[in-house]
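Work through these short exercises with the structure open beside you. Try each task before reading its solution.

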Amino acid sequence: MFSVGSCNQTYLLLFVLVVMGVASLEAPSACPCEEKFLERIQDLERKVNEMYLDSDKLTTKMLDTIESVDKLLASGVAGVGPLAAKQRQIVSFTVRTSKNLPYLSESEVIKFDDVLVNNGGAYDKHTGIFTSPVSGVYLFSASILSGFNSTIETMITLNGQHDVSRIYSGAFKNRGYGSNTVVLNLRKGDEVSVAVFYGNGNYVHGKWSTFCGTLLETY
Ligand SMILES: *[C@@H]1O[C@H](CO)[C@@H](O)[C@H](O)[C@H]1NC(C)=O
């Protein structure tokens, strides 16, 4: 990711300096005596040596920098690299109902008790509530299958009050699916769940009804 362009620049600078030195030597001088000439050559030699030393220091510093950047990349401290993913907050869950849920009351939170995935542990199967562990952009989706020949209206809710997406499930002489997906900007501590929107049928078919969510990106 680093070129050695700055080394070339250093050599170019050296070259220019030498040319300038030679040019100034060739220029008519007020005192062209040998001593003065030697003095100037020595002065030039000293300067060239200093520049070589500077160039060496620069190269060493550059190699050190490359080494530390490589180390940062490997450790993930810079926010990229293999270990960075491990340090990032991983939040995602998939849950489903293990059994049929009849007789649900209005606004009742559906408890998806069969936890398939719960990375970060933000979903609580005892309450059915997902609590945002970090502010960010999240995606949630719920699919609800109704009971036979009945309907149920549910909703994805934010903080127990706002229905952010409604789901209608039902069919005549059959079971019917309803689903919805939302992207939400959540603050840390916000709660998301699936609750009964309107108590009509009050029946969620077990194992076929799922709720999932994932953190897309933190703020
Ligand atoms: C389906 O529901 C309708 C309306 O509630 C009812 O009249 C009908 O008998 C039901 N059919 C079956 C097969 O359960």
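**Exercise 1.** In this predicted model, find how many bridges join strand S7 to strand S10, and in which sense the two strands run.

*Solution.* Start with S7, residues 151-158. Then locate S10, residues 191-198. Six bridges join the two strands, and they run antiparallel. Check one pair: Glu153 has Tyr198 in S10 as its bridge partner.

**Exercise 2.** Place S7 and S10 in their sheet, and name the edge strands.

*Solution.* Write out the order: S4-S5-S10-S7-S8. These five strands form an open sheet with antiparallel pairing. Now look at the ends. Strand S4 (123-124) and strand S8 (162-170) each pair on one side only, as edge strands.

**Exercise 3.** Do the same for the sheet that contains S6 and S12.

*Solution.* The order is S3-S1-S12-S6-S9. This sheet of five strands is also open, and its pairing is antiparallel. Its edges are strand S3 (114-119) and strand S9 (177-186). From one strand to the next, the twist averages 10°. Inside the sheet, eight bridges link S6 and S12. Tyr138 stands opposite Leu215 in S12.

**Exercise 4.** Which strand gives the largest share of the largest nonpolar core?

*Solution.* First, the size: this core has 26 residues. Next, list strands that supply at least two residues each; among them are S1, S6, S7 and S10. S6 gives the largest share, five residues. Finally, take Val204, one of the residues with the most contacts inside the core. Beyond its neighbours within four places in sequence, Val204 touches residues including Leu101, Ile144 and Ile152.

Terms used
Residues are numbered from 1 along each chain as its sequence is written. This is a predicted model: local features need pLDDT of at least 70, side-chain atom pairs count only at pLDDT 80 or more; totals for chains, interfaces and linings use all residues. Two strands pair if DSSP finds at least two bridges between them. Helices (H or I, at least four residues) and strands (E, at least two) are DSSP runs, numbered from the N terminus. A nonpolar core is a set of buried Ala, Val, Leu, Ile, Met, Phe, Trp, Tyr and Cys residues joined through C-beta atoms within 7 Å. A residue is buried if 20 or more other C-beta atoms lie within 10 Å of its own, exposed if 12 or fewer, and partly exposed in between; C-beta atoms are placed from the backbone. Two residues are in contact if their C-beta atoms, placed from the backbone, lie within 7 Å. Axes are lines fitted to C-alpha atoms, for helices over the stretch in contact, and angles run from 0 to 180 degrees between N-to-C directions.
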